[in-house]
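Me: I would like to learn how to read the features of a model such as this one, going from the whole chain down to single residues. Could you take me through it step by step?

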Amino acid sequence: MPDAGRTATYSTWYSYHQEVSAAAIEAEAKLAAESGCGLLILDDGWQRGGTGGGYSGCGDWEPDPEKFPDFGAHVAAVHETGLTYMAWIAPLLLGRDSAAREALADFAPHARPEWRCHILDPRHARVREFVVDSCARLVEAYGLDGLKIDFLDSASAYASGTYAEAGNTPGAADDGWIPDVGTAMRVMLAALRDRLLATRGTDFLIEFRQPYTGPAMLAYANLLRAGDCPADAVANRVKSLDLALLAPDAAIHSDMLMWDATATPEQAARQLLAVLHTVPQISMRLADLPAEHRAMTAFWLGFWREHRDLLTGGRLRAGRPDELYPVVTAADAERAVAVLHSARHLVPLDLRGLREAAVVNATGAGRVVLDLPHQADVRLTVSDACGRTVRAENTRLALGPVSVAVPPSGLCLITPVTQA
């Protein structure tokens, strides 16, 4: 797993949708780097014809000359901020206005009128070659560090129904025809992986998102992301935890985070706290955020960076899926982080042998209830959602349930101390 895949990420999707430009993204990249991000994903809209909310321009995969007059220089400018750079591509989509449509129309019989495009059929060797060449050409021409490869699940249109039989599919007799869609996709993705890794080496990033994620897909991608759930902290928590438990060796990313810029920082923080156990993807226009939101984002991304190896590689416990994972803990031999998502639950915490425990109050309540199997003399350092210390004290935590005041979306650091 490349280290760049396990760094906090800035995504342009919810923040800009298709209204991206070189100047806007370069300005945001500087702020993202200052906030603690290490990776930028340029989403849909960079390509020629990427306007109007649909996919009518997909297929040519050339930068829009008005938005990005010099795409290579733009990528280099983002690299100068210290960020790794990925770009979105949906190589199975063939837009109705693309120049590629004339040559490939016979290989994309399935139409998606609401998307203003057709779906390329990967059972054809020509389609598989086109997909691999399109992705590799983009990477080779502009020095990208990764690709967010989208809408691969659209190929399922050819798994059953009208197009399932070779006799109903134009060009099915061509050399290289593979009757089974799943087999064809595996052949295509293996060829794509090998070409991209040969081009950029093993540090290259390939992102897939739900629903086409799981352990088997790790043969073709090294970054798995929760499916779209804008501004839904609970869905993001559940989706990303499902992935983390299913594929513990992968870099699991949250869906892009967005929130109401007029909300309190405590309310906004809950979007980020919901996915502390994965790699967070921020998708707010940082330049437009209130100062307290910027401070909150920087504080929690700083906490995440400091505890990254623990949060994304420690022993993960996420019980009660029937209650949407109300308490999530990650631990190693010396540290533990517990995130409380439901004020009705206790936080089980065994401090023996630990040098630090962090309890995150991802609720709207003003306290958490710890459940210790022993008494412990500790140093408590409590911070609010923006990282401001509100209390620091030595105390004794008793055996059993102990109520500790922690602000909503706040943090309590617990350090065991030795009594003289």
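**Reading the chain and its residues**

Reply: Let us begin with charge, keeping in mind that this is a predicted model. The protein chain carries 38 positive and 52 negative side chains, and the centres of these two sets lie 5 Å apart.

Me: What is the radius of gyration of the protein chain, and what does the globule rule give for 420 residues?

Reply: It helps to count the secondary structure beforehand: the protein chain holds 10 helices and 21 strands. Its radius of gyration is 24 Å, close to the 22 Å that the globule rule gives for 420 residues, so the chain is as compact as a globular protein of that length. Along the principal axes, the C-alpha trace spans about 80 × 45 × 35 Å.

Me: How many of the 420 residues, as a percentage, are buried?

Reply: A residue is called buried when its relative accessible area is under 20%, and buried residues make up 56% of the 420 in this chain. The accessible surface comes to about 16,500 Å², with 50% of it belonging to carbon and sulfur atoms. As for contacts between residues at least 6 apart in sequence, 68% join residues at least 24 apart.

Me: Is Arg 128 buried or exposed, and which residues does Arg 128 touch?

Reply: For a single residue, one reads the element, the accessible area and the neighbours together. Arg 128 lies in helix 5, residues 125-142, and is buried because its relative accessible area is 10%, under the 20% cut-off. Not counting residues up to four places away in sequence, Arg 128 touches Pro 122, Arg 123, Gly 176, Ile 178, Ala 184, Val 187 and Met 188. Its side chain reaches the backbone oxygen of Arg 123 at 2.9 Å, while the C-alpha atoms of Arg 128 and Met 188, 60 residues apart along the chain, are separated by 5.4 Å.

Me: Where do Phe 151 and Ser 409 lie, and what is phi for each of them?

Reply: Here one reads the backbone angle alongside the position. Phe 151, in the loop between strand 7 and helix 6, has a phi near 60°, a positive value in a residue other than glycine, and Phe 151 is buried, with a relative accessible area of 11%. Ser 409, in the loop between strand 20 and strand 21, also has a phi near 60°, and its relative accessible area is 0%.

Me: Which two residues does a cis peptide bond join?

Reply: The peptide bond between Gln 210 and Pro 211 is cis, with omega about 15°, and Pro 211 is found in the loop between strand 8 and strand 9.

Conventions. Residues numbered from 1 in each chain as written. Predicted model: local features only at pLDDT ≥ 70, side-chain atom pairs only at ≥ 80, totals over all residues. Heavy atoms only, no water. Helix = DSSP H or I, 4+ residues; strand = E, 2+ residues; numbered from the N terminus. Rg over C-alpha atoms; globule rule 2.2 N^0.38 Å. Buried < 20%, exposed > 50% of the residue type's maximum accessible area, 1.4 Å probe, protein only. Contact = heavy atoms within 4.5 Å. Areas by Shrake-Rupley, 256 points an atom, 1.4 Å probe, with all protein chains shown as cover. Lys, Arg positive; Asp, Glu negative; His and termini not counted. Charge placed at Lys NZ, Arg CZ, Asp CG, Glu CD. Polar contact = N/O pair within 3.5 Å; in protein donor to acceptor, adjacent residues only side chain to side chain.
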